[in-house]
Structures are given as structure tokens and as C-alpha cells.
Amino acid sequence: MLTQQENEILTQVGPGTPMGNLMRRYWIPAMLSAELAEPNCDPMRVRLLGENFVAWRDAEGRPALFDECCMHRGASLALARCEGDGLRCIYHGWKFAADGKILETPNYRQPTVREKLTAPVYPVREAGDMIWVYLGPREKIPEFPSYRFLHVSPEHRGVKRAVIDCNWVQSLEGHLDSSHASILHKDWDPFGKVSANQVRLLRGGIDIFTEDDAPLLEVEDTIFGFHTAAIRDAVEAGKRVGYARVHAFALPFMCVVPSGGFTFEVPIDDEHVNLIGVLCNPARPVDRSKYLALTSPREYFSEWSDAGVLHYAGTPNNRWFQDRGRMRRGESFSGIGGLTVEDASVVVSMGPVYERTKEHLVPADVAVIRMRRLLLRAAQQLQQGIEPRMLTAAETSCIQAADGVLRDGQLWQDLVPDNVAIDQTARDDHADLVVAE
Ligand code: FES
Ligand SMILES: [Fe+2]
């Protein structure tokens, strides 16, 4: 559990907050490329970290991110005219290029403003079917990341952006919480589940069965954050083995899961998050519509597009779409269909910003605890003038997840050969947060 003050530091991301300052030191995936569909497209309102922006592509196809309010007297640039080489504010006609150059100020003929000022724009990059932005101090801009999914061809990748109406930490905790996978997602069938609790791992033609809902969890700090391993008792050809799933967490909000999934919990503000999901399969093309339909059935979303832009619509009023009849008839464990939807339902059900002062943590929550500690430490250190450890592009390319069978004393670390463990303080400084067993 956290104190109220720690909970506020962890969850609040607006300008000037400790966590907001930390996040603004990283490249952030802000939207899907498909959302700015063509050169000179309509400007799009974008809310990130509690601030409002406008995204646009110029006639050359260059993406740009502006402060939403026009630098003259604040009209929204979402209303602006698109003129190919720039956006023209409709109030007094000031016109701004994608790089912030002020092209025209029709109500002020002198060149002074055009020559001396630039419009508030931010560094933008396009990679992996997404548009990434950097909102921090220019002199602190880090190398652009080189995550593995950025290096596969587009057919081998599926992306989506789902808006979930709750604080970003709730959603992130779900992705770090291995022990819920075989409980909340009992109905989900990613590997060819053979019965209610058995998971069959299709790897090299070998069948592995596990019914273990209480895996042994280990966390190991790395330069990017940590690896967490969930090791379940399993049976392979009649012999007991371990089945390990190793996840990665990278500051400030990226998780990598063994099936080739990358997630980014990008805060819109303190009560809404963009869950940006990437499915990456270097071996086979990804069937994007199947990926969307399986994880995010349309009926649970107020917004749902083939491009992968979604808005989860569950609220207390519609009881998060739970179908009690299906539960009673034994047809569904959760009464909710689809992986993303089950996750969204439970995290939204916690309320807009969950108060972590009343929870009761157990050892199964070790990765959640570690994430909170690392983020709180980094945010508080930055407040004291201690810079976060930013990764080089090459270091970001090493972040990976994996799953596999552990035979004859094999270590889970062998499944993630680029795992570089650092100072093992994990077990010490979360000890006080776990309830006594
Ligand atoms: S407010 Fe935009 S030009 Fe005046
Ligand atoms: Fe989940």
C-alpha cells in the first residue's frame, strides 16, 4: 500500500508534477499513423499528460504537434485551415509551418513577430505505424528508441490505441500482474487451452500443461526497469518441469509480454489513458482484424475503427457489460468477452483514480510493487535534480520478453539473454509493502 502522498505522486502527470516531469523526458507514442491519414489532413485534437495539442500532417506528409491554443490569442488550432505548407488559425489568420515557423501574421504587417518568435511545436517522429512526440526540455531529448517491434516489416505488426477511462497506473498494473492471467482470463485461449485451467504451450511441437494459478514470481532489476518471471509447475511428457513467462517493464510505462506484445500506458490526463498496444510476430504476418476482433470485440466500445482506435465504454451504469447469465450457466468465468475488455473492466471498476491507501498486497503483487517503487524513486530523484538513466537506442533494442520450459535447473534468465541485472534491491525495499503471510 502507498501513502496518499505517494499515490498522488505516482498517478498525477500534469505539467509540473514530479511524474509528469519524468514522463516528459521520454519519447511517447501519441497516436497511430493512420489517425493522420494523408498529407494536409484535418488537424486532430490530442490530449496528453493533461495538456491539449493539435496534430497535423503538412503537404509533404511531415507530422507535427502544436499547442492547441494559437500563440496569438488562443483560438483552437483544431479549427484551423489546412493550407499544405502550414495551418492557418481562422481567428486572425496567423499561419504556422510544421516546424513552428510563423509564415504569416495578416493582422500585423511588421515582420517582427514572424522573425523573432516561433510557434510552440514539439519534436515528432513517425515509426512503427505510430507518431511519437517528445514534450520535455529540448536539451534533454534522448535518443529515439529502437524497440524490437520497430524493426519488423509492417505486415508483421498490428497496432491499436484504446482509450480507457481510468488513471494510467491502474492499466499499467494490469500488464505487470501475471497472477491474474489464468484467473480473469480463464476463458481466453491463446495457446490452445485444453480445459478450464490447463494451458497447452505450442512450442516445437511439445505439449506442456499447467494448472498452476499461484506461480512463483521473481523480479530482477535491469537498466531499463526490470524483468519479472512467473514460474508455474507444469508437466511435459509426464515429467514435472517449470514453465516460465518472463515479462519486461521499461520506464516509464512500457511492458513487453512473451507473445510479442508491447504495451504503452500513455496518460491522456489523470483520469484517462491511451492503451497503445502492439502485436509483433517476426515469424508470421499479423492478421490485424483478427487481433482486434479477438482482443476487443466492437460491442464494448463507444468508438471502434478498423484502424485500431477504440474507446472502452464500460461504466458502473452498464455494469461494465458483465453478463451474469453467462456466468450462472457456467459459460464464462468473468461474464465479459475479450482480453482487452476484461482488463479494461476491472481497472475501470476501481474508479477514476484508485486510492492505494486501502489495498492489501501479497507476494503475487511483487512486480506491481517494484514498478511503483522505481517510478516513485525516479520521479522524486528528478525533483531533487538527479536525472533519470536514459537508454541509448541500442539499449532499448535489448528489451525483450520470452516464455519457455525450464528443465534440469535451467534459469529463467536464460530465456532473455540480453537481461542485464543490476543492483538487486528489489526484495529489500518492497518488503514493508507486503502483508505478512
Ligand atoms: S487567435 Fe489565432 S490568429 Fe489570433
Ligand atoms: Fe489481463
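Ring pairs join Trp27, Trp132, Tyr134, Phe144, Tyr147, Phe149, Phe262 and Phe264 into a cluster. The model is a predicted one. One member of the cluster, Phe144, also has a charged neighbour: Arg125 lies over the face of Phe144, 4.3 Å from the ring centre. A second contact of this kind involves Lys186, whose charged end sits over the ring of Phe333 at 5.5 Å from the centre of that ring.

**Aromatic pairs**

The structure holds 14 aromatic pairs in total. In one of them, the centres of the rings of Phe226 and Phe249 are 5.2 Å apart and the planes meet at 35°, so the pair is tilted. The angle falls between the limits for the other two classes, because planes under 30 degrees apart count as stacked and those over 60 as edge-to-face. This pair links distant parts of the chain, with the two positions 23 residues apart in numbering: Phe226 belongs to strand β15 (residues 225-236) and Phe249 to strand β16 (residues 239-250). Phe226 is buried, its relative accessible area being 0%. Phe249 likewise counts as buried, at 0% relative accessibility.

The ring contacts that carry distances are set out below.

| Contact | Distance |
|---|---|
| Phe226 and Phe249 | 5.2 Å between ring centres |
| Arg125 and Phe144 | 4.3 Å from the ring centre |
| Lys186 and Phe333 | 5.5 Å from the ring centre |

**Iron site**

Which protein atoms are donors of the iron ion (ligand 2)? They are NE2 of His180, NE2 of His185 and two OD atoms of Asp343, lying 2.0 to 2.5 Å from the ion. Along the sequence, the donor residues follow the spacing H-x4-H-x157-D. Both His180 and His185 are buried. The angles among the 4 donor atoms of the iron ion (ligand 2) run from 56 to 152°, and the site is irregular. The tetrahedral class does not apply, because it requires all angles to lie between 85 and 135 degrees.

**Pocket and cavities**

The second largest pocket encloses about 580 Å³ of space. Its lining is made up of 34 residues, and those nearest the centre of the pocket are Tyr26, Ile223, Phe224, Leu251 and Arg389. Helix α9 (residues 366-383) supplies the largest share of this lining, with 4 residues.

There are also 2 cavities of 30 Å³ or more in the structure. The largest cavity has a volume of about 40 Å³. The residues lining the largest cavity are Phe66, Asp67, Cys69, Cys70, Met71, Leu77, Phe96, Ala119 and Pro120.

Conventions. Residues numbered from 1 in each chain as written. Chains lettered and ligands numbered in written order. Predicted model: local features only at pLDDT ≥ 70, side-chain atom pairs only at ≥ 80, totals over all residues. Heavy atoms only, no water. Phe/Tyr/Trp six-rings, centres within 6.5 Å; stacked < 30°, edge-to-face > 60°. Buried < 20%, exposed > 50% of the residue type's maximum accessible area, 1.4 Å probe, protein only. Lys NZ or Arg CZ within 6 Å of the ring centre and 35° of its normal. Donors = N, O, S within 2.8 Å, 3.2 Å for Na, K, Ca; no water. Tetrahedral: all angles 85-135°; square planar, octahedral: opposite > 155°, others 65-115°. 1 Å grid on protein atoms, 1.4 Å probe; cavity = no way out; pocket = protein on both sides within 12 Å on 5 of 7 lines; lining within 4 Å. Points joined across faces, edges and corners; volume = space filled by probe spheres on them.
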